[in-house]
Amino acid sequence: NYCIEMLRYLDKAESDARKHIVYFSALKGQVLKSLKEITGKKIRSFLEMTNYKQSHAYFLINLYDLIQEYNNLMYSNASLCFFQK
């Protein structure tokens, strides 16, 4: 019984973690979008100060825009790979 309960608990924790990944990625996209609006084309030099590649930054911005249109996606269990495709 203990093992089954532990597996259920871990499955729920894993599901919650996936939801948080999409949520926090959308928040990163929001910040990056603001940075892009402030800096314009100079965003590249600011991205060099972080560990974000330009393609990933634009993906996060697009993810944020998508979630603005479809709010329920923010709490999705889908992986980021799903959104990239």
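Colleague: Happy to look at this one with you! Where is the place of M6?
Modeller: Glad to walk through it; please keep in mind that this is a predicted model. M6 also takes part in a nonpolar surface patch. As for its place in the chain, M6 sits in helix α1.

Colleague: Is M6 buried, partly exposed or exposed?
Modeller: The relative accessibility of M6 is 31%. Buried would need a value under 20%, and exposed one over 50%. Since 31% falls in between, M6 counts as partly exposed.

Colleague: Which residues make the nonpolar surface patch of about 470 Å²?
Modeller: M6, which we have just placed in helix α1, is one of them. The full membership of this patch is Y2, M6, Y9 and L10.

Colleague: Nice. How many salt bridges does a search of the whole structure find?
Modeller: One joins the side chains of E5 and R8, at 3.3 Å from N to O. Another is formed by K33 with D65, where the closest N and O atoms are 2.6 Å apart. For the whole structure, the search gives 2.

Colleague: Why are E5 and R8 separated by about one helical turn?
Modeller: These two are the partners of the 3.3 Å salt bridge. E5 is partly exposed because its relative accessibility is 46%, while R8 is exposed, with a relative accessible area of 53%. Their separation is about one helical turn because, within helix α1, they are 3 residues apart.

Colleague: And how many residues apart are K33 and D65?
Modeller: Their salt bridge has its closest N and O atoms 2.6 Å apart. The pair links distant parts of the chain, with K33 in helix α1 and D65 in helix α3. K33 is partly exposed at 26% relative accessibility, and D65 is partly exposed at 29%. Along the chain, their separation is 32 residues.

Colleague: Let's go inside. Which helix supplies the largest share of the largest nonpolar core?
Modeller: That core has 14 residues, and those with the most contacts inside it are L32, L47, F59, L63, I67 and F83. Helices α1 (2-39), α2 (43-47) and α3 (54-69) each supply at least two of its residues. The largest share, 6 residues, comes from α3.

Colleague: Which residues is L32 in contact with, leaving aside its neighbours within four places in sequence?
Modeller: L32 is among the residues with the most contacts inside the core, and so is L47. L47 also appears among the contacts of L32 itself. The whole set is I43, L47, A57, L60 and I61.

Colleague: Is S25 buried or exposed?
Modeller: S25 lies in helix α1. Not counting residues up to four places away in sequence, it touches L60, L63 and L80. Its relative accessible area is 5%, and the limit for buried is under 20%. S25 is therefore buried.

Colleague: What does M74 contact, leaving aside its neighbours within four places in sequence?
Modeller: M74 has its place in the loop between α3 and α4, and at 13% relative accessibility it counts as buried. Its C-alpha atom is separated from that of K36, 38 residues apart along the chain, by 21 Å. The contacts of M74 are K19, V22, Y23, A26 and I67.

Colleague: How far apart in space are Q54 and R44, C-alpha to C-alpha?
Modeller: Q54 is found in helix α3 and is partly exposed, with a relative accessible area of 30%. Leaving aside neighbours within four places in sequence, Q54 is in contact with R44 and L47. Q54 and R44 are 10 residues apart in sequence, and their distance in space is 6.9 Å.

Colleague: And how far apart in space are N1 and K36?
Modeller: N1 lies in the segment before α1, and it is exposed, with a relative accessible area of 82%. In sequence, N1 and K36 are 35 residues apart. From C-alpha to C-alpha, the distance is 52 Å.

Colleague: Last one: which element has the lowest mean pLDDT?
Modeller: For the protein chain, the mean pLDDT is 86, and 100% of the residues reach 70 or more. Helix α3 has the highest mean among the elements, 92. The lowest, 82, belongs to helix α4.

Technical notes:
Residues numbered from 1 in each chain as written. Predicted model: local features only at pLDDT ≥ 70, side-chain atom pairs only at ≥ 80, totals over all residues. Heavy atoms only, no water. Core = buried A, V, L, I, M, F, W, Y, C linked by side-chain atoms within 4.5 Å. Buried < 20%, exposed > 50% of the residue type's maximum accessible area, 1.4 Å probe, protein only. Helix = DSSP H or I, 4+ residues; strand = E, 2+ residues; numbered from the N terminus. Contact = heavy atoms within 4.5 Å. pLDDT = per-residue confidence, 0-100. Patch = residues over 30% accessible without salt bridge, like charges linked within 9 Å, V, L, I, M, F, W, Y side chains within 5 Å. Areas by Shrake-Rupley, 256 points an atom, 1.4 Å probe, with all protein chains shown as cover. Salt bridge = Lys/Arg side-chain N within 4 Å of Asp/Glu carboxyl O.
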